[in-house]
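Please open the structure in your viewer and keep the selection panel at hand. The tour begins at the bound ligand and then moves out to the pocket around it.

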Amino acid sequence: MGKVIAITGKGGTGKTAVSAMLLRHLVKSGKGYRILAIDADPDANLADALGVKVNKTVGDMREFMQESRYTTPPDTDKQKLFEAKMFEILIEEDGYDLLVMGKPEGSGCYCFVNNLLRGIMDKTIDQYDVIIIDTAAGLEHFSRKVIPDLDALLVVTDSSRRGLTTGERIRSMASELGMKYKNMYVIANKVTDSSREKVAENAKSVGLAVIGTIPYDEKLANFDLVGDPLIDLPDDVPSVQEVSRVAKELGL
Ligand SMILES: Nc1ncnc2c1ncn2[C@@H]1O[C@H](COP(=O)(O)OP(=O)(O)OP(=O)(O)O)[C@@H](O)[C@H]1O
Ligand SMILES: [Mg+2]
């Protein structure tokens with residue numbers, strides 16, 4: 001099984017940006033990794049950061065699987081139906097595949113989507129060397145054991161103390177959800193020279209290890225401002241360089 005890395009953290013701290021840059025590093029590494037990116041945020045936006053147009057999500061698959069109860073004959077092989085649908089929603093891009101969770105239509109229960117997501121991951125996990133999961137802020141919409149065992153749980157924080165409080169909450173939420181991970185690290189993002197030391201100090205005080213410190217990056221912000229995919233950022237941008245360093249530290 002490949003390495004599974006989940007990116008979590010408070011809203012707006014840069015989870016999607018970090019996920020996109022991590023993916024960018026992996027695709028460009030020349031190591032020939034088989035990569036799966038999962039946008040597990042119901043308000044999906046990883047695809048935008050990757051410049052990918054999404055037509056089908058796991059949320060849509062839920063509709064289909066539920067409707068199939070009425071539209072397919074009783075002897076239909078549900079397993080085969082599931083697998084066929086699964087390949088339909090897996091988006092194949094240059095250098096990686098993308099799976100988008102999306103929102104369940106209608107009533108707001110994520111259980112069915114969660115189960116489908118877990119089913120897809122169980123089926124595909126062995127086919128990839130690295131799996132990157134961009135989650136929503138916190139882990140609330142996951143039910144137990146949706147996420148497979150992780151190599152690294154990354155918590156992206158900005159300079160605020162609240163970003164780290166979210167980190168602590170994620171740590172307890174992960175154990176409540178039965179989520180297993182080898183390592184949990186903080187990535188401090190949008191850090192300025194004046195906030196750098198304080199963030200490190202705060203992380204230390206709550207027992208969280210900082211694996212990377214990404215500076216506030218004008219170039220990245222401008223890409224997002226005009227809607228250019230972050231995966232197209234050039235090599236010499238400070239945020240890209242720091243994420244690549246983190247990837248190496250994670251053994252990627
Ligand atoms: N290092 C950085 N320098 C400057 N701007 C950044 C940096 N990282 C992220 N941003 C900006 O911060 C905003 C939020 O980033 P992003 O969407 O990646 O956060 P998120 O944690 O995924 O948010 P959400 O919780 O909504 O999913 C974006 O406008 C992005 O351009
Ligand atoms: Mg996001």
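By class, how many residues of the shell around ligand 1 are nonpolar, polar and charged? In this predicted model, the shell has six nonpolar, six polar and six charged residues.

Begin by selecting ligand 1 together with the 18 residues that surround it, and then highlight Lys15, Thr16, Lys190, Asp217 and Asp224, which are the closest of them. Colouring by secondary structure will help at this stage, since helix H1 (15-28), strand S7 (181-191), strand S8 (209-215) and helix H8 (218-226) each supply at least two residues of this shell.

Next, display distances from the oxygen atoms of the ligand. At Lys190, an N or O atom in the side chain is 2.8 Å from an oxygen atom of ligand 1, while at Gly12 a polar backbone atom lies 2.9 Å from an oxygen atom of ligand 1. At Asp41, the distance between an oxygen atom of ligand 1 and an N or O atom in the side chain is 3.4 Å. Taken alone, ligand 1 exposes 630 Å², and the protein buries 79% of that area.

Now turn on a pocket surface, where you will find ligand 1 sitting in the largest pocket, whose volume is about 470 Å³. Of the 27 residues that line this pocket, select Gly14, Thr16, Ala17, Asp224 and Leu230, which are the closest to its centre. Two or more lining residues come from each of H1, helix H2 (46-50), strand S5 (130-135), S7 and H8. Coloured by class, the lining divides into 10 nonpolar, nine polar and eight charged residues.

Notes
Residues are numbered from 1 along each chain as its sequence is written. Chains are lettered from A and ligands numbered from 1 in the order in which they are written. This is a predicted model: local features need pLDDT of at least 70, side-chain atom pairs count only at pLDDT 80 or more; totals for chains, interfaces and linings use all residues. Side-chain values use heavy atoms; hydrogens and water are left out. A residue is near a molecule or strand if one of its heavy atoms lies within 4 Å of it. A polar contact is a pair of N or O atoms within 3.5 Å; within protein, one must be able to donate a hydrogen and the other to accept it, and residues adjacent in sequence count only if both atoms are side-chain atoms. Accessible areas come from the Shrake-Rupley method with a 1.4 Å probe; for residues, only the protein chains shown count as cover. On a 1 Å grid over the protein atoms alone, a cavity is a set of points where a 1.4 Å probe fits but cannot get out, and a pocket is an open set with protein on both sides within 12 Å along at least five of seven lines; lining residues have an atom within 4 Å of a point. A molecule sits in a cavity or pocket if more than half of its atoms lie within 2 Å of its grid points. Helices (H or I, at least four residues) and strands (E, at least two) are DSSP runs, numbered from the N terminus. Ala, Val, Leu, Ile, Met, Phe, Trp, Tyr, Cys and Pro count as nonpolar, Asp, Glu, Lys and Arg as charged, and the others, Gly among them, as polar. Grid points are joined across faces, edges and corners, and a volume is the space filled by probe spheres set on the points.
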